[in-house]
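Please read the following account alongside the sequence and the coordinates. It proceeds from strand pairing to helix packing.

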Amino acid sequence: MNDVLLSVSDLSKHFGGLKAVDRVSFELEKGEILGLLGPNGAGKTTCFNMISGVYTPTGGSITFDGERTDGKAPHDMAGLGIGRTFQIVKPFSGLTVLENVVVALGMRRYRSLSKTLGLWGSRSVRDRAMEILERVNLGGHADRKASVLPLGDHRRLEIARALALEPRLLLLDESFSGLRHEQIGRMEDLVMDLASDGISILLIEHNMKVAMKLSRRIVILDHGRKLAEGEPQEVVKDPKVIEAYLGKGGSGDVASN
Ligand SMILES: Nc1ncnc2c1ncn2[C@@H]1O[C@H](COP(=O)(O)OP(=O)(O)OP(=O)(O)O)[C@@H](O)[C@H]1O
């Protein structure tokens with residue numbers, strides 16, 4: 001049985017002369033949490049943008065559940081079961097938390113905002129949206145305006161909207177960034193719950209402790225290239241990784257970054 005859900009092979013994205021991603025290959029197995037790490041500008045978000053269909057790769061291939069997907073549009077990727085969150089949260093801030101998830105459910109069904117608005121009165125859609133909110137522990141905030149949520153809840157709402165797509169693969173782009181200590185613990189629990197429900201997760205994360213705790217394996221990018229790959233404890237000891245994070249001659253602890 002082939003357990004690979006996502007495979008990227010020699011994946012590249014060049015912007016003019018800038019090789020934002022350069023011949024990167026890795027695989028993510030079904031049910032796995034894989035960390036995609038690296039210093040600022042390493043090419044992580046560009047990888048997400050190719051996997052989720054926002055960018056067409058300059059070269060290489062992306063295979064999702066056995067199907068070549070490079071070059072497909074974002075709504076096709078969403079339809080195949082790839083959901084994502086964004087580094088900068090962007091809910092419909094004038095809508096309530098519940099309405100934000102209703103819109104996400106409707107966009108999945110109709111791909112049209114005007115038809116989606118017709119779902120407002122649908123009891124079954126609102127019930128489904130509520131179920132999703134309960135799953136991310138936002139049930140108690142359903143009727144609040146999204147604009148008033150604190151950052152930790154905004155990030156949960158982003159995940160709720162991605163879950164409306166019923167993803168098999170969830171791309172989490174810095175879902176922990178800016179969270180306070182106790183919010184980090186709750187977010188870790190949520191990510192582990194989602195994975196134990198069978199959702200595979202590709203995680204961009206700057207907080208090395210979080211990435212090491214959650215990820216079974218880690219891929220490190222630097223200047224668009226894959227620098228290292230392996231189990232977290234191995235990867236953080238790799239001299240190349242220490243140099244990328246801490247500079248030449250660095251001898252500190254990457255994990256405390
Ligand atoms: N649309 C674009 N046009 C031109 N250059 C881009 C574009 N998108 C990204 N880049 C460049 O590609 C490189 C990789 O950017 P990317 O956002 O993928 O890095 P990252 O690893 O996600 O960084 P960070 O951790 O800071 O978010 C950077 O030099 C960035 O400036």
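The paragraphs below describe a predicted model, beginning with its strands and ending with a pair of helices.

Strands of a sheet pair through backbone hydrogen bonds, in either a parallel or an antiparallel sense. A convenient starting point is strand β1, residues 4-15, which runs antiparallel to strand β2, residues 18-29, and is joined to it by 8 bridges. Two residue pairs help to fix the register: L6 has L28 of β2 as its bridge partner, and L11 stands opposite V24 in β2. The hairpin formed by β1 and β2 has 2 residues between the strands, and within this hairpin G16 adopts a positive phi near 60°.

Strand β1 also pairs with strand β4, residues 59-64; this pairing is antiparallel as well and comprises 5 bridges. Here V8 of β1 has I62 in β4 as its bridge partner. In a regular strand, side chains alternate between the two faces of the sheet.

A further element of the architecture is an open sheet of 6 strands. Its strand order is β6-β7-β8-β3-β9-β10, and the pairing is mixed. The edges are formed by β6 (82-84) and β10 (225-230), each of which pairs on one side only. On average, neighbouring strands of this sheet are turned by 20° against each other, direction ignored. One parallel pairing within the order can be followed in detail: strand β3, residues 33-37, and strand β9, residues 217-222, are linked by 4 bridges. In this pairing, L37 stands opposite I220 in β9. Helix α6 packs on the sheet, where it touches β6 and β7 (169-173), and the direction of α6 makes about 155° with that of β7.

The packing of helices completes the picture. Two packed helices are described by the angle between their axes and the distance between those axes. For helix α5 (residues 123-135) and helix α6 (residues 151-163), the angle is about 135° and the axes lie 9 Å apart. An angle over 145 degrees would count as roughly antiparallel, and one from 65 to 115 as roughly perpendicular; α5 and α6 are therefore oblique to each other. Their crossing is right-handed. The contact involves I132, L133 and R135 on the α5 side, and L157, A160 and L163 on the α6 side. By residue class, this contact of α5 with α6 consists of 5 nonpolar residues and 1 charged residue, with no polar ones. Helix α6 thus appears in two settings: it packs on the sheet, and it packs with α5.

Technical notes:
Residues are numbered from 1 along each chain as its sequence is written. This is a predicted model: local features need pLDDT of at least 70, side-chain atom pairs count only at pLDDT 80 or more; totals for chains, interfaces and linings use all residues. Side-chain values use heavy atoms; hydrogens and water are left out. Two strands pair if DSSP finds at least two bridges between them. Axes are lines fitted to C-alpha atoms, for helices over the stretch in contact, and angles run from 0 to 180 degrees between N-to-C directions. Angles under 35 degrees count as roughly parallel, over 145 as roughly antiparallel, 65 to 115 as roughly perpendicular and the rest as oblique. A crossing is left-handed if the near helix is turned anticlockwise from the far one by less than a right angle, and right-handed if clockwise. Contact means heavy atoms within 4.5 Å. Ala, Val, Leu, Ile, Met, Phe, Trp, Tyr, Cys and Pro count as nonpolar, Asp, Glu, Lys and Arg as charged, and the others, Gly among them, as polar.
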